[in-house]
Amino acid sequence: MEKAMQVMVIVSLIGSLASVAYAAQGTSTFYTPPYVPSSCYGFENKGVMIAAASDAIWNNRAACGRRYSVTCTGPTNQGVLQPCTGRSVVVTIVDYCPPPGCRGTIDLSQEAFSQIANPDAGKVNIEYNQV
């Protein structure tokens, strides 16, 4: 029984390392309410743990409804030297963040951004995974 438990622990560790290894890197900014209408859902309210996708993940609306786990990894400028909270947030893509106005890979709602970073930073480096 002890051997089986050891194998399960090892498999779990390998699985968690694999998910970290495949994290994409980018940047995140935030936008403020109102969050409706959105490109994906019109006037349907999807809450506040939401985000807009840049061209990097938009894929002609295929990103609509996808959920991403987003973690701040560090600052992008000298404004806030340590902006990250150490937490991650899971958001649903509900909108499109078009160029040239889109300044990040994922434009989080203000509420989602504040979960992972100090909003005074404005823009942070991130890792993100589809969940």
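Guide: A disulfide here is a pair of cysteine sulfur atoms within 2.5 Å. Keep in mind that this is a predicted model.

Visitor: Fine, so how many disulfides does that rule give?

Guide: One pair is cysteine 40 with cysteine 64, at S to S 2.0 Å. Another is cysteine 72 with cysteine 84, again given as S to S 2.0 Å. Cysteine 97 and cysteine 102 come in at S to S 2.2 Å, which is within the 2.5 Å cut-off. By this rule the count of disulfides is 3.

Visitor: If I number the bonded cysteines in sequence order, what is the pairing?

Guide: Follow the chain and look at the partners: cysteine 40 bonds cysteine 64, cysteine 72 bonds cysteine 84, and cysteine 97 bonds cysteine 102. With the bonded cysteines numbered along the sequence, the pairing reads 1-2, 3-4, 5-6.

Visitor: Is the disulfide of cysteine 97 and cysteine 102 left-handed or right-handed?

Guide: For contrast, take cysteine 40 and cysteine 64: the torsion about their S-S bond is about -75 degrees, so that disulfide is left-handed. Cysteine 72 and cysteine 84 have about -60 degrees, so theirs is left-handed too. For cysteine 97 and cysteine 102 the torsion is about 115 degrees, so this disulfide is right-handed.

Visitor: How many residues apart in sequence are the parts that the cysteine 40 and cysteine 64 pair ties together?

Guide: The bond in question joins cysteine 40 to cysteine 64. Cysteine 40 sits in the loop between E1 and E2, while cysteine 64 belongs to the loop between H2 and E3, so the separation of the tied parts in sequence is 24 residues.

Visitor: And where do the two ends of the cysteine 72 and cysteine 84 pair lie?

Guide: This disulfide joins cysteine 72 to cysteine 84. The parts it ties together are 12 residues apart in sequence, because cysteine 72 is in strand E3 and cysteine 84 is in the loop between E3 and E4.

Visitor: What about cysteine 84 itself, buried or partly exposed?

Guide: Its partner, cysteine 72, has a relative accessible area of 9%, so that end is buried. Cysteine 84 has 29%, and the buried class stops under 20%. That makes cysteine 84 partly exposed.

Visitor: Same puzzle for cysteine 102: buried or partly exposed?

Guide: Start with cysteine 97, which is buried at 8% relative accessible area. Cysteine 102 has 16%, and buried means under 20%. So cysteine 102 also counts as buried.

Visitor: On to the backbone. Which residue precedes proline 100 in a cis peptide bond?

Guide: Proline 100 is in the loop between strand E4 (88–96) and strand E5 (106–109). The bond leading into proline 100 has omega near 0 degrees, and the residue before it is proline 99.

Visitor: There's a cis bond at proline 37 as well; near what value is omega there?

Guide: Proline 37 is found between strand E1 (24–31) and strand E2 (50–53), in the loop. Its cis bond comes from valine 36, with omega near 5 degrees.

Visitor: Is asparagine 59 exposed or buried?

Guide: Asparagine 59 is in the loop between helix H2 (55–58) and strand E3 (67–75). Its phi is positive, near 50 degrees, though it isn't a glycine. Relative accessibility is 52%, and the exposed class begins over 50%, so asparagine 59 is exposed.

Visitor: Arginine 61 also has a positive phi; about how many degrees?

Guide: Arginine 61 is placed in the loop between H2 and E3. Its relative accessible area is 41%, so arginine 61 is partly exposed. Although arginine 61 is not a glycine, its phi is about 80 degrees.

Visitor: How far apart in space are proline 75 and valine 124, C-alpha to C-alpha?

Guide: Proline 75 lies in strand E3 and is partly exposed at 33%. Among the residues it touches is Asn125. Proline 75 and valine 124 are 49 residues apart in sequence, yet their C-alpha to C-alpha distance is 4.9 Å.

Visitor: Zooming out, in what order do the elements of the chain run?

Guide: The chain has 3 helices and 6 strands to place. From the N terminus on, the order is α-β-β-α-β-β-β-α-β.

Technical notes
Residues are numbered from 1 along each chain as its sequence is written. This is a predicted model: local features need pLDDT of at least 70, side-chain atom pairs count only at pLDDT 80 or more; totals for chains, interfaces and linings use all residues. Side-chain values use heavy atoms; hydrogens and water are left out. Helices (H or I, at least four residues) and strands (E, at least two) are DSSP runs, numbered from the N terminus. Buried means under 20% relative accessible area, exposed over 50%, partly exposed in between (1.4 Å probe, protein chains only). Contact means heavy atoms within 4.5 Å. Lists of a residue's contacts leave out its neighbours within four places in sequence.
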